[in-house]
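User: Hi! I'm new to reading protein structures, and I'd like to understand why certain words get used for certain residues. Could you walk me through it?

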Amino acid sequence: VTEHLRRSQGGTQDLFFPRSAAGDIPTIVACDGVYLIDDRGRRLLDVASGPFLATLGQGNERVPQAMLDQGRRLTYTYSRTTRHAANAALSERLAGLAGPGLERVHLTSGGSEAVEMALKFLRQHAVATGQPERHRVISMLPGYHGATTQTLGLNGDMAADALWGPLTVSSEKIPAPLTFRAQSPEAAAAASVAALEEAILRIGPEQVLAFVMEPIGGQASGVNVPHPAFGRGAREVCDRYGVRLVFDEIVCAFRTGRFLAAHHHPDVRPDVVALAKGLGAGYAPLGAFLAPAALVDELRDHGLRRLALLRRQPDCVCRGIGRPRRDRRARPDGQRGTDGRASSSRARADRRPVPARRRHPRARPAPRDRARGRPDHARAVPG
Ligand SMILES: Cc1ncc(COP(=O)(O)O)c(C=O)c1O
């Protein structure tokens with residue numbers, strides 16, 4: 001099969017990718033921790049962890065096992081008419097990690113949907129609170145927010161605008177505070193904050209619904225880390241004109257030593273945060289947006305309208321719940337393990353010292369666990 005794939009340059013699947021690149025890409029047949037194994041037996045280090053998402057490594061046995069258990073227990077339930085325990089538990093856990101101001105969690109099937117649902121939520125909130133004229137969105141150039149028809153319009157990629165422009169609603173774009181080649185990171189931050197205010201005034205503040213930004217950039221901006229003055233300035237400008245600040249943390253959540261990149265700057269409180277990638281870690285399509293209880297509760301008479309059917313499947317939810325202990329430690333305040341399990345025996349087990357061999361799984365190729373015939377890393381995530 002793999003020889004056929006190579007000769008036919010990927011066969012049916014590659015029709016969706018540029019032909020020029022198809023000849024060289026490896027066909028992956030297996031995985032082992034941080035390695036991908038191709039059909040020629042090569043072990044390839046997955047340096048970028050896919051597109052920044054395989055945060056738990058490959059083939060972590062605990063995850064598919066938890067998904068299987070959950071799938072047997074409950075395969076699907078319609079969230080409009082039922083509530084399910086696994087779903088509620090994951091939401092609670094995420095809200096606990098996010099901390100005050102982000103108490104409500106809406107699960108989705110990925111990142112684009114998380115951003116899109118966040119905007120739908122904010123639009124519905126604006127209408128429900130007597131501001132129906134608020135509908136315009138501002139985002140940054142360069143930037144990336146998704147592949148659905150709505151999020152395509154937010155992406156800071158003018159070439160894409162030529163293709164998708166007629167199909168989507170393009171946001172107003174301001175320059176991202178790129179530190180690369182800037183006079184200084186502070187100057188880049190100040191210029192972007194000034195551009196944000198200008199854009200709001202140009203559009204008309206009463207029409208602007210939200211400013212969507214990546215607090216730390218992804219691929220589009222070369223993982224740009226703006227000067228902290230940018231987040232603070234953006235927050236001030238948004239507050240001045242009643243504009244909601246949306247953090248797209250689809251790349252950077254789970255990856256900076258704190259649960260959210262926002263937690264590094266507690267004075268910049270986003271109104272809404274979108275998550276995905278590390279939440280499902282490649283095992284399942286899973287995303288979420290987090291929002292303040294105060295805003296969500298104002299929609300209590302209407303609820304959030306137009307939800308997708310296959311969001312928050314219990315097996316995906318279970319995957320999220322099955323996060324390894326390292327994530328449970330990532331508290332907003334940098335402290336460990338106070339997510340409601342602190343006094344449980346499991347939490348106590350979590351506080352035991354981690355053997356050095358397990359602390360640095362990337363420091364060596366994952367050797368096989370000979371006794372059990374499975375990759376060593378599979379044991380590196382205790383239950
Ligand atoms: C910053 C950012 N936002 C949104 C998305 C879209 O997420 P998804 O591909 O899960 O729909 C991505 C995906 O790469 C992203 O990097």
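**Reading the labels**

Analyst: Happy to help! Ser49 sits in helix α3, which covers residues 49–52. Keep in mind that this is a predicted model.

User: Why is Ser49 called buried?

Analyst: Its relative accessible area is 12%. Buried means under 20%, so Ser49 with its 12% earns the word. Ser49 also has a positive phi of about 45 degrees, although it is not a glycine.

User: Which other residue has a positive phi without being a glycine?

Analyst: Ala281 is one, with phi near 55 degrees. Ala281 belongs to the loop between β9 (272–275) and β10 (287–291). At a relative accessible area of 3%, Ala281 is under the 20% cut-off and therefore counts as buried.

User: What makes Ala128 partly exposed?

Analyst: Ala128 has 38% relative accessibility. Buried needs under 20% and exposed needs over 50%, so 38% falls in between and Ala128 is partly exposed. Ala128 is part of helix α6 (residues 111–128). In sequence, Ala128 and Asp301 are 173 residues apart, yet their C-alpha atoms are 9.5 Å apart in space.

User: And how do you know whether Gln150 is buried or partly exposed?

Analyst: The value for Gln150 is 26%. That lies between the cut-offs of 20% and 50%, so Gln150 is partly exposed. You can find Gln150 in helix α7 (residues 149–152).

User: How many aromatic pairs are there?

Analyst: The count comes to three aromatic pairs. In one of them, Phe211 and Phe230 meet edge-to-face, at 6.4 Å centre to centre with 80 degrees between the planes.

User: What makes Phe211 and Phe230 a pair, and why is it edge-to-face?

Analyst: Ring centres must lie within 6.5 Å, and 6.4 Å meets that, so Phe211 and Phe230 pair. Planes over 60 degrees apart count as edge-to-face, so the 80 degrees between these two rings settles the name. Phe211 is in strand β7 (residues 208–213) and Phe230 in helix α10 (residues 228–241), so the pair ties together parts that are 19 residues apart in sequence. Phe211 is buried at 0% relative accessibility, and Phe230 is buried at 0% too.

User: What puts Arg43 over the face of Tyr35?

Analyst: Arg43 lies over that face at 4.4 Å from the ring centre. The distance limit is 6 Å, so the 4.4 Å between Arg43 and the ring centre of Tyr35 passes that part of the test.

User: How do you know that Ser221 makes a polar contact with Asn224?

Analyst: A polar side-chain atom of Ser221 is 3.2 Å from the backbone nitrogen of Asn224. The limit is 3.5 Å, so this distance fits. Ser221 is in the loop between β7 and α10, and at 17% relative accessible area Ser221 is buried.

User: Which atoms of Ser112 and Asp248 come within reach of the ligand?

Analyst: An N or O atom in the Ser112 side chain is 2.5 Å from an oxygen atom of the ligand. For Asp248, a polar side-chain atom lies 2.7 Å from a ligand nitrogen. Both distances are within the 3.5 Å cut-off, so they qualify as polar contacts. The ligand alone exposes 390 Å², and the protein buries 77% of that.

Terms used. Residues numbered from 1 in each chain as written. Predicted model: local features only at pLDDT ≥ 70, side-chain atom pairs only at ≥ 80, totals over all residues. Heavy atoms only, no water. Phe/Tyr/Trp six-rings, centres within 6.5 Å; stacked < 30°, edge-to-face > 60°. Helix = DSSP H or I, 4+ residues; strand = E, 2+ residues; numbered from the N terminus. Buried < 20%, exposed > 50% of the residue type's maximum accessible area, 1.4 Å probe, protein only. Lys NZ or Arg CZ within 6 Å of the ring centre and 35° of its normal. Polar contact = N/O pair within 3.5 Å; in protein donor to acceptor, adjacent residues only side chain to side chain. Areas by Shrake-Rupley, 256 points an atom, 1.4 Å probe, with all protein chains shown as cover.
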